[in-house]
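Work through the exercises below with the sequence and the structure at hand. Try each task before reading its solution.

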Amino acid sequence: MDCVFCKIVTGEIPSDKIYEDEDIIAFNDLDPQAPIHFLVIPKKHITSLAQIEESDSALIGRIMLAIQKLASENNLESYRVVTNIGEDGGQTVPHLHFHVLGGRAFHWPPG
């Protein structure tokens, strides 16, 4: 598979890893859009939120708990969690990932 995030999961591509367990990995974004900006991804290749299945529900819940834990560890009381779906939604890597951004104020609409 030619997925950059799958290569991060296997260690083929290095990352600034901040969390890892048997199913999830989190790492700092290479092009941060906020003072704190990291990605949380499943190790299982899922293209996007549009492709999750019922059997993925526990994994998605564990990702949300990991986000909560990492936000707390980074002293974030307010933060934004974003996942892009498809090209028009701004998804550039076809592997489910959640951006966690914090450390500054955010506005709506996002752009």
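**Exercise 1. Find how S4 and S5 pair, and over how many bridges.**

Solution. The structure is a predicted model. Step one: S4 and S5 run antiparallel to each other, and their pairing covers 4 bridges. Step two: take one residue pair as an example. Tyr79 has Gly102 in S5 as its bridge partner.

**Exercise 2. Determine which strand S5 pairs with over 5 bridges, and name bridge partners.**

Solution. Step one: strand S3, residues 36-42, pairs with strand S5, residues 98-102, over 5 bridges. The sense is again given as antiparallel. Step two: look up individual partners. Val40 is bridged to Phe98 in S5, and His37 is bridged to Leu101 in S5.

**Exercise 3. Write down the order of the strands in the sheet and identify the edge strands.**

Solution. Step one: the open sheet is made of 5 strands, in the order S1-S2-S3-S5-S4, with antiparallel pairing. Step two: strand S1 (17-20) and strand S4 (79-82) are the edge strands, since each of them pairs on one side only. Step three: on average, and ignoring direction, neighbouring strands of this sheet are turned by 20° against each other. Step four: add the helix. Helix H2, residues 57-73, packs on the sheet and touches S1, strand S2 (24-28), S3, S4 and S5. The direction of H2 makes about 155° with that of S3.

**Exercise 4. Decide how far S5 is enclosed, and check each of its faces.**

Solution. Step one: count the buried residues, where buried means under 20% relative accessible area. In S5, 5 of the 5 residues are buried, so the strand is largely enclosed by the rest of the structure. Step two: sort these residues by face. Phe98, Val100 and Gly102 lie on one side, His99 and Leu101 on the other, and all are buried, which leaves both faces of S5 covered.

**Exercise 5. Describe the surroundings of Arg80.**

Solution. Step one: place the residue. Arg80 is part of strand S4. Step two: look for a partner of opposite charge. Arg80 is buried but has no salt bridge; Asp29, the nearest side chain of opposite charge, is 14 Å away. Step three: look for polar atoms. A polar atom of the Arg80 side chain lies 3.1 Å from the backbone oxygen of His107. Step four: list the contacts, leaving aside neighbours within four places in sequence. Arg80 touches His99, Val100, Leu101, Phe106, His107, Trp108 and Pro110.

**Exercise 6. Trace the salt bridges of Arg62 and give the burial of each residue involved.**

Solution. Step one: recall that side chains of opposite charge can pair when their charged atoms come close. Step two: start with Asp21. Asp21 and Arg62 form a salt bridge in which the closest N and O atoms are 2.8 Å apart. Asp21 lies in the loop between S1 and S2 and Arg62 in helix H2, so the pair ties together parts 41 residues apart in sequence. Step three: go on to Asp23. Arg62 also forms a salt bridge with Asp23, with the closest N and O atoms 2.7 Å apart. Here too distant parts of the chain are linked, with Arg62 and Asp23 39 residues apart. Step four: compare accessibility. Asp21 counts as buried at 14%, while Arg62 is partly exposed at 29% and Asp23 is partly exposed at 32%. Step five: complete the group. Asp21, Glu22, Asp23 and Arg62 are linked in a network of salt bridges.

Methods: Residues numbered from 1 in each chain as written. Predicted model: local features only at pLDDT ≥ 70, side-chain atom pairs only at ≥ 80, totals over all residues. Heavy atoms only, no water. Pairing = 2+ DSSP bridges. Helix = DSSP H or I, 4+ residues; strand = E, 2+ residues; numbered from the N terminus. Axes fitted to C-alpha atoms, helices over the stretch in contact; angles between N-to-C directions. Contact = heavy atoms within 4.5 Å. Buried < 20%, exposed > 50% of the residue type's maximum accessible area, 1.4 Å probe, protein only. Lys, Arg positive; Asp, Glu negative; His and termini not counted. Salt bridge = Lys/Arg side-chain N within 4 Å of Asp/Glu carboxyl O. Polar contact = N/O pair within 3.5 Å; in protein donor to acceptor, adjacent residues only side chain to side chain.
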